[in-house]
Amino acid sequence: MTKIMIIGCPGSGKSTLATQLGSHKNLPVYHLDSFFWGPGWKAIERNKFIEKQKNIMKKPAWIIDGNYGATMNTRLKYADTIIFLHYSTTRCLYRIIKRRIQYHGQTRPDMGKDCKEKIDWEFVHYVLKFNKVQSPTILEKLDSVKEKQIYIFKNPKQLRHFFHQIKDISID
């Protein structure tokens, strides 16, 4: 576990897991949202976004969290471990609302500069449709990946149990 890719629905806890795991394993953590979103929620140019990811993946060790389907295959190629937080839509919706309240008027540590926490209908719609639209594609991609450690967790209890088993890592 030196090149870890964490994917899942918004609100599943990808960034939190990446931060905790990075701290425990002493690995650098990269949040794709912080690269993709520039000040004021302005998306970065696609080629720059791809280039930043390629530069990270050349490094000997990393944890990258985020989905971004257009670059997922490249990350799958370089990762030795893939963690898919395949949580229920209800859990993810609850968490994005909780996160919105917690970071009201602030930028989360895993986001781009000056991207104050917000929820809009487009984002809620994406979360509502994630398990129906995005998850099957992700699962299909994971099914075709060979010689990698792939972990799919359906709830936080499974995740905690797994990390408790390996080296007694404590994940909240």
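These exercises, each with a worked solution, concern a predicted model.

**Exercise 1. Cysteines**

Task: Find how many disulfides the model has, and explain the result for Cys9 and Cys115.

Solution:
- Start with the chemistry: a disulfide is a covalent bond that joins the sulfur atoms of two cysteines.
- The cut-off needed here is 2.5 Å between the two cysteine sulfur atoms.
- For Cys9, the closest cysteine sulfur belongs to Cys92 and is 3.9 Å away, which is too far for a bond.
- For Cys115, the nearest cysteine sulfur is that of Cys9, at 19 Å, and Cys115 is in no disulfide.
- The count is therefore zero disulfides under the 2.5 Å cut-off.
- As to surroundings, Cys9 is buried at 1% relative accessibility, and Cys115 is buried at 0%.

**Exercise 2. The largest pocket**

Task: Describe the largest pocket by its volume, its lining and the residues nearest its centre.

Solution:
- The volume of the largest pocket is about 1400 Å³.
- Its lining consists of 49 residues, and those nearest the centre are Pro10, Gly11, Asp33, Arg99 and Arg108.
- Two or more lining residues come from each of helix H1 (14-25), helix H2 (32-36), helix H4 (69-78), H5, helix H6 (121-144) and helix H7 (156-165).
- The greatest contribution is that of H6, with seven residues.
- Sorted by class, the lining holds 19 nonpolar, 14 polar and 16 charged residues.

**Exercise 3. Arg99**

Task: Place Arg99 in its element, decide whether Arg99 is buried or exposed, and list its contacts beyond four places in sequence.

Solution:
- Arg99 sits in helix H5, which covers residues 89-102.
- Its relative accessible area is 18%. The limit for buried is under 20%, so Arg99 counts as buried.
- Beyond four places in sequence, Arg99 contacts Gly11, Arg108, Glu117 and Phe123.
- Of these partners, Gly11 and Arg108 are, like Arg99, among the residues nearest the centre of the largest pocket.

**Exercise 4. Two helices and their faces**

Task: For H4 and H7, work out which residues are buried and where they lie around the helix axis.

Solution for H4:
- Thr71, Met72, Arg75 and Leu76 are the buried residues of H4.
- Viewed along the axis, these fall within an arc of 155°, so they line one face of the helix.
- On the face turned away from the buried side, Ala70 and Lys77 are exposed.
- The cover over the buried residues of H4 includes strand S1 (3-8), H2, helix H3 (46-57), strand S5 (62-65), strand S6 (81-85) and H6.

Solution for H7:
- In H7, Pro156, Leu159, Phe162 and Phe163 are buried.
- Their arc around the axis is only 125°, so they are on the same side of H7.
- Lys157, His164 and Gln165 are exposed on the other side.
- The buried residues of H7 pack against H1, S6, H5 and strand S7 (149-153).
- Gln158, also in helix H7, is partly exposed at 33% relative accessibility.
- Leaving out neighbours within four places in sequence, Gln158 is in contact with Ile152 and Phe153.

**Exercise 5. Met57**

Task: Determine where Met57 lies and which residues Met57 touches, not counting those up to four places away in sequence.

Solution:
- Met57 belongs to helix H3.
- With a relative accessible area of 1%, Met57 is buried.
- Its contacts are Lys3, Trp62, Ile64, Thr74, Arg75 and Tyr78.
- One of these, Arg75, is a buried residue of H4, and H3 is part of what covers the buried residues of that helix.
- For distance, compare Glu122: Met57 and Glu122 are 65 residues apart in sequence and 30 Å apart in space, C-alpha to C-alpha.

**Exercise 6. Positive phi**

Task: Give the phi angles of Asn26 and Tyr68, then state where each residue lies and whether each is buried or exposed.

Solution:
- As background, most residues other than glycine have a negative phi.
- Asn26 has a phi near 55°, positive although the residue is not glycine.
- Asn26 lies in the loop between H1 and strand S2 (29-31), and is exposed, with a relative accessible area of 69%.
- Tyr68, likewise not a glycine, has a positive phi of about 45°.
- Tyr68 lies in the loop between S5 and H4, and counts as buried at 19% relative accessibility.

Notes. Residues are numbered from 1 along each chain as its sequence is written. This is a predicted model: local features need pLDDT of at least 70, side-chain atom pairs count only at pLDDT 80 or more; totals for chains, interfaces and linings use all residues. Side-chain values use heavy atoms; hydrogens and water are left out. Buried means under 20% relative accessible area, exposed over 50%, partly exposed in between (1.4 Å probe, protein chains only). Contact means heavy atoms within 4.5 Å. On a 1 Å grid over the protein atoms alone, a cavity is a set of points where a 1.4 Å probe fits but cannot get out, and a pocket is an open set with protein on both sides within 12 Å along at least five of seven lines; lining residues have an atom within 4 Å of a point. Grid points are joined across faces, edges and corners, and a volume is the space filled by probe spheres set on the points. Ala, Val, Leu, Ile, Met, Phe, Trp, Tyr, Cys and Pro count as nonpolar, Asp, Glu, Lys and Arg as charged, and the others, Gly among them, as polar. The arc is that of the directions from the helix axis to the C-beta atoms.
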